[in-house]
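Biologist: I should be grateful for a close look at one part of this model, set in the context of the whole chain. Please connect the local details to the packing around them.

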Amino acid sequence: MAVPTRRGPRPQKREAITRAARTVFGRDGYSRASIDAIAAEACVSTRTLYNHFESKQQLFVSVLETSAAQVADGFVANVGRGVSDDDLEGDLIAIGRALIAQQTDFPEHFAMVRQILPEAPHFPPGVLEAWHEAGPRRVEHEVARRLEQLAERDLLRVEDPAQAAVHLIALTAFPITTRARYGEPALTKRETTRIITEGVRVFLHGYATDP
């Protein structure tokens, strides 16, 4: 007679819990989010949730890091589709559009980020470092890499690609992303394109080899 084997945690359940946690953390923030609420959102028992994650903090860290990595993957893919390598201004605009696309492609992630930022000083340092390394830092590195490639073709004057990336992100994405953070009405596609284009032209004034 075969001996019954104990089933381990099911991947489908873990995925459901992760999705639910992203929703609840984005809605309630870290401090107010409860394990009971996350389990209810995932349609699982709290016991099932604890079979996958030992604590709310472990679940939060896993969700934040995984979600940030997905956002960074999406950014890299969008840039790859948008850059043509034959139009400097157009390529920089494509980078700006990919930065903004993160907000629309992954709204639950950025809702979660907006909720947790006020609580950031209370998290262990490793939590935020893991998030930055998985997501924001990867995005900055990809922007820097693209700018460095343009500099190698003598299209840009870039001594410090990382600093140039910060400048481009600030000029193109920051004016748009801060609107969502402060609850301002969403911009139209035309308005978004105008802001990105203006930001790129300011960037080129400082970095283009032939401004």
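Does Cys43 count as buried or as exposed? From there, please turn to the contact of helix H8 with helix H9, and say which residues of the two helices meet.

Modeller: The model is a predicted one. Cys43 counts as exposed, because its relative accessibility of 68% is over the 50% cut-off. Its place is in the loop between helix H2 (35-42) and helix H3 (46-52). The backbone of Cys43 also deserves attention: its phi is near 60°, a positive value in a residue other than glycine. A similar description applies to Asp154, which has a positive phi of about 65° although it is not a glycine. Asp154 is found in the loop between H8 and H9, and with 59% relative accessibility it counts as exposed, since the cut-off for that class is over 50%. Asp154 therefore leads to the part that you asked about, as its loop joins the two helices in question.

Some context for the whole chain comes before that. The protein has 11 helices and zero strands, so that every element in the order from the N terminus is an α element. The C-alpha atoms fill a box of roughly 75 × 45 × 30 Å along the principal axes. Of the 211 residues, 43% count as buried. Among contacts between residues at least 6 apart in sequence, 68% join residues at least 24 apart.

Helix H8 covers residues 136-152 and helix H9 covers residues 161-172; their axes come within 8 Å and cross at roughly 110°. Because that angle falls in the range of 65 to 115 degrees, H8 is roughly perpendicular to H9. On the H8 side the residues in contact are Glu140, Val143, Ala144, Leu147 and Glu148, and they meet Pro161, Ala162, Ala164, Ala165, Leu168 and Ile169 of H9. Sorted by class, this contact comprises nine nonpolar, no polar and two charged residues.

Within H9, Leu168 is a useful residue to follow. Leu168 counts as buried because its relative accessibility is 0%. Apart from neighbours within four places in sequence, Leu168 is in contact with Leu92, Ile95, Val143, Leu147, Ala173, Val200 and Phe203. By contrast with these partners, Pro107 lies 61 residues from Leu168 in sequence and 22 Å from it in space, C-alpha to C-alpha.

Leu168 is also linked to another residue of H9, Thr172: the backbone oxygen of Leu168 lies 2.7 Å from a polar atom of the Thr172 side chain. Thr172 likewise has 0% relative accessibility and so counts as buried. Leaving aside neighbours within four places in sequence, Thr172 touches Gly96, Leu99, Ile100, Ile195, Ile196, Gly199 and Val200.

On the H8 side, Leu147 can be followed in the same way. Outside its neighbours within four places in sequence, Leu147 has contacts with Leu92, Leu156, Val158, Pro161, Ala164, Ala165, Leu168 and Phe203. H8 also packs with H5, at an angle of about 175° and with the axes 12 Å apart. H5 and H8 are therefore roughly antiparallel to each other. Here Leu88, Leu92, Ile95, Leu99 and Gln102 of H5 meet Val139, Val143, Arg146, Leu147 and Leu150 of H8. The classes in this contact are eight nonpolar, one polar and one charged residues.

Several of these names recur in the largest nonpolar core, which has 33 residues; Leu92, Ile95, Val143, Leu147 and Leu156 have the most contacts inside it. The elements that give two or more residues to this core are helix H4 (56-82), helix H5 (88-105), H8, H9 and helix H11 (189-207). H5 provides the largest share, eight residues. A second, separate core holds 28 residues, including Ile35, Val63, Leu128 and Ala134.

A further helix pair may be set beside these two. The axes of helix H1 (residues 11-32) and helix H6 (residues 107-116) come within 7 Å and cross at roughly 5°. H1 and H6 are therefore roughly parallel to each other. In this pair, Arg22, Thr23, Phe25, Gly26, Arg27, Asp28, Gly29 and Arg32 of H1 meet Glu108, His109, Ala111, Met112 and Gln115 of H6. By class, the H1 contact with H6 has three nonpolar, five polar and five charged residues, whereas the contact of H8 with H9 has nine nonpolar, no polar and two charged residues.

Notes:
Residues numbered from 1 in each chain as written. Predicted model: local features only at pLDDT ≥ 70, side-chain atom pairs only at ≥ 80, totals over all residues. Heavy atoms only, no water. Axes fitted to C-alpha atoms, helices over the stretch in contact; angles between N-to-C directions. Helix = DSSP H or I, 4+ residues; strand = E, 2+ residues; numbered from the N terminus. Parallel < 35°, antiparallel > 145°, perpendicular 65-115°, else oblique. Contact = heavy atoms within 4.5 Å. Nonpolar A, V, L, I, M, F, W, Y, C, P; charged D, E, K, R; others polar. Buried < 20%, exposed > 50% of the residue type's maximum accessible area, 1.4 Å probe, protein only. Polar contact = N/O pair within 3.5 Å; in protein donor to acceptor, adjacent residues only side chain to side chain. Core = buried A, V, L, I, M, F, W, Y, C linked by side-chain atoms within 4.5 Å.
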